[in-house]
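Me: I'm looking at this model for the first time and I get lost among all the ribbons. Please pick one strand, look at it closely, and then work outward from there.

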Amino acid sequence: NATGAADLGLAAGSVQIDYTFTLVNDTSAADLDGFLWDVTITNLGLVDLDLVFYQYLDLDLNETATNDVASASATRITVSDGTAPVIFDWQAANGGAADHFQVQTYPGLRNQLDGMGAASDLSDTPASFGPGDFSAAYQYNISLAAGASYTLTAGQVVVPEPTPALLTLLGLAGLAISSGRVREPS
C-alpha cells in the first residue's frame, strides 16, 4: 500500500513479495519434520533497488521459554531446550551464509527490528547463547535490478528426541565399552 511503501522509501507497487511455507512430514526412520520458507522479492519498478531483508525467529521449545541454548553462525543456528532433547536446526537461506546474524534474549531483538527507522546491520553475535529465552534473525542484503526477482529459501528442521529404547541401548553400549577396557597395573 502507499503508506507502507512510503515508509520504506518506495512508490506503491514497486516491490512484490510472495511467501510460501511448506510443512515437511518426514516419514523416514529419522523423522526429521520441519518446514521450508520461500520468499520471492520482485522489483516491479523502473530503477534498481538495494534492499535489506530480515528473517526473524522466536522459539519456545518444549513449551518453555527460559531453557533455550543455541549455537549460531552466518549459515546455521541450532537451538535446543535444556529440559528435553528437542533440537531445532535453522539453515540460512539458499544454502549459503547470511550477510549478518544475531541471537539475543527475547524481546530485545524483536524490539530492535521493530524500532528501526532505517535498515541497520545485525551484530554477528558470538557463537553461543543461553540458557535463556531465545530469539534470532538473519539479514540478507539484496540488490535487485529493475524487473528482477530474487528468492530466499530457508530450511528449518526439528530433530526429534531419541526414544527411551534408543537411550537405553546407547547407555548399555557405553557400559559395555567402558567395562571392556582393562588397565594394566603400573
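Reply: Let's sort out the words first: two strands pair if DSSP finds at least two bridges between them. The strands themselves are DSSP runs of E with at least two residues, while helices are runs of H or I with at least four, and both kinds are numbered from the N terminus. You're looking at a predicted model, so local features need pLDDT of at least 70 and side-chain atom pairs count only at pLDDT 80 or more, while totals for chains, interfaces and linings use all residues. Residues are numbered from 1 along each chain as its sequence is written, and side-chain values use heavy atoms, with hydrogens and water left out.

Now for the strand I'd pick, β4, which covers residues 68–72. On one side β4 pairs with β5, running antiparallel, and 5 bridges join the two. Find Ser71 and look across: its bridge partner in β5 is Thr78. With 3 residues between them, β4 and β5 make a hairpin. β4 also pairs with β8 (residues 128–132), again antiparallel, over 3 bridges. Here Ala70 is the residue to find, as it stands opposite Phe129 in β8.

Next, the two faces. In a regular strand the side chains alternate between the two faces of the sheet. In β4, Asp68, Ala70 and Ala72 make up the covered face, and Val69 and Ser71 the uncovered one.

While you're at β8, have a look at Pro131, which sits in that strand. The peptide bond leading into Pro131 from Gly130 is cis, with omega near 0°. Another cis bond joins Tyr106 and Pro107, where omega is about 5°; Pro107 belongs to the loop between β7 and α2.

Back across the hairpin, β5 has a residue worth following: Val79. Leaving out residues up to four places away in sequence, Val79 touches Asp68, Val69 and Ala70, as well as Leu59, Leu61, Val86, Ile87, Phe88 and Phe134 (a contact is heavy atoms within 4.5 Å). Val79 is also one of the residues with the most contacts inside the largest nonpolar core, along with Ile77, Phe134, Tyr138 and Tyr140; that core has 30 residues. A nonpolar core here is a set of buried Ala, Val, Leu, Ile, Met, Phe, Trp, Tyr and Cys residues joined through side-chain atoms within 4.5 Å. "Buried" means under 20% relative accessible area, "exposed" over 50%, and "partly exposed" in between, using a 1.4 Å probe and protein chains only. β4 and β5 are among the strands that each supply at least two residues of this core. β9 gives the most to it, with 6 residues. In soluble globular proteins, nonpolar side chains tend to be buried together.

For a buried spot in β9, go to Ala137. Its relative accessible area is 0%, so Ala137 counts as buried. Its contacts, setting aside residues up to four places away in sequence, include Tyr56, Trp90, Phe101 and Leu113. Ala137 and Leu113 are 24 residues apart in sequence, and their C-alpha atoms are 9.2 Å apart in space.

One more stop in β5 is Arg76, whose side chain meets that of Asp89 in a salt bridge at 2.9 Å, N to O (the cut-off is a side-chain nitrogen of Lys or Arg within 4 Å of a carboxyl oxygen of Asp or Glu). Because Arg76 lies in β5 and Asp89 in β6, the pair ties together parts that are 13 residues apart in sequence. Arg76 is partly exposed at 37%, whereas Asp89 is buried at 12%. The structure holds 1 salt bridge, and that's it.

Finally, zoom out. The chain has 3 helices and 10 strands, and from the N terminus they run α-β-β-β-β-β-β-β-α-β-β-β-α. Of its 186 residues, 29% are buried. Among contacts with a separation of 6 or more, 68% are between residues 24 or more positions apart.
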